[in-house]
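Trainee: Please take one part of this model, its cavities, and describe closely what surrounds them and how that region is built.

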Amino acid sequence: MMKVEIWSDVMCPFCYIGKRRFEEALEQFEHKNQVEIEWKSFQLNPDMKTDPNINISQYLADAKGWTLDYAQQMNNHVTQMAAEVGLTYDFNRSVVANSFKAHRFSHLAKKHGLGDKAEEALFKAYFTDGLNIDDTDTLVNLGTGIGLDAAEIKQVLESDTYADDVKHDIAEAQQLGIRGVPFFVMNNKYGVSGAQAVPVFQETIEKSFAEWQQENSKPALTIIEGDSCGPDGDCA
């Protein structure tokens, strides 16, 4: 399987849009069943304090010194971009929340082969449903909805399990020079930064796969026949 690694953060609006565009490109790729996707953790604001009492527009206005109207205009523009790929964003409901716990939840899901479903559930929870993705009960509900065990989710989230995995992903991103998300690494060779247009993903997937296929194809042998024994014991 050719691997595609995707670094993202739950609260990154372009990560959800990028996910949809990448999925559209992959759906049209004839060898899509030979592509493995692995989600990686990245934190845009590791120092963010969870505060369910304000929405993200107000947070951005306060943090960046913008007027609330300007912050809402920026979010409205992104909302329109999301709508173009079939997503519904509601920034008035989005809860300001640190994403570290959600990333640990994603690593648990990845362990069970549910990484992609976990990312989809987290994005929808944050951008569409206005849920607190730093809340354990919320994550338990999301997890059971994709097939995870409630007791295991609680056990993980009430400890520091997978914290090192999240930190490792972030450190790996720094080593690769990744400064923003989404960031797609295909076949450990090609990086695609941002929520690019579908044709960009298509071209990079095809190029990466062709090289991966060439690298993993067994060289054809030119055989010179001679006396030998076969597996049935016949020697000639």
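Mentor: A cavity here is a set of points on a 1 Å grid over the protein atoms alone where a 1.4 Å probe fits but cannot get out. The model is predicted, with local features needing pLDDT of at least 70 and side-chain atom pairs pLDDT 80 or more, while totals for chains, interfaces and linings use all residues. Numbering starts from 1 along each chain, and side-chain values rest on heavy atoms, without hydrogens or water.

The search of the whole structure yields one cavity of 30 Å³ or more, and the volume of the largest cavity, taken as the space filled by probe spheres set on the points, is about 50 Å³. Its lining (residues with an atom within 4 Å of a point) consists of Trp39, Lys40, Ser41, Ser106, His107, Lys110, Gly115 and Glu119. Two or more of these residues come from each of β2 (35–41), α4 (100–111) and α5 (115–127), helices being DSSP runs of H or I with at least four residues and strands runs of E with at least two. By class, the lining holds one nonpolar, four polar (Gly counted among them) and three charged residues.

Strand β2 also leads into the open four-stranded sheet, ordered β2-β1-β5-β6 with mixed pairing, where two strands pair if DSSP finds at least two bridges between them. Because β2 and β6 (190–193) are the edge strands, each with a single partner, one side of each has no neighbour in the sheet. The average twist between one strand and the next is 20°, an angle on a scale from 0 to 180 degrees between N-to-C directions. Helix α8 (residues 163–176) lies across β1 (2–8) and β2, at about 100° to β2.

Terms used:
1 Å grid on protein atoms, 1.4 Å probe; cavity = no way out; pocket = protein on both sides within 12 Å on 5 of 7 lines; lining within 4 Å. Contact = heavy atoms within 4.5 Å.
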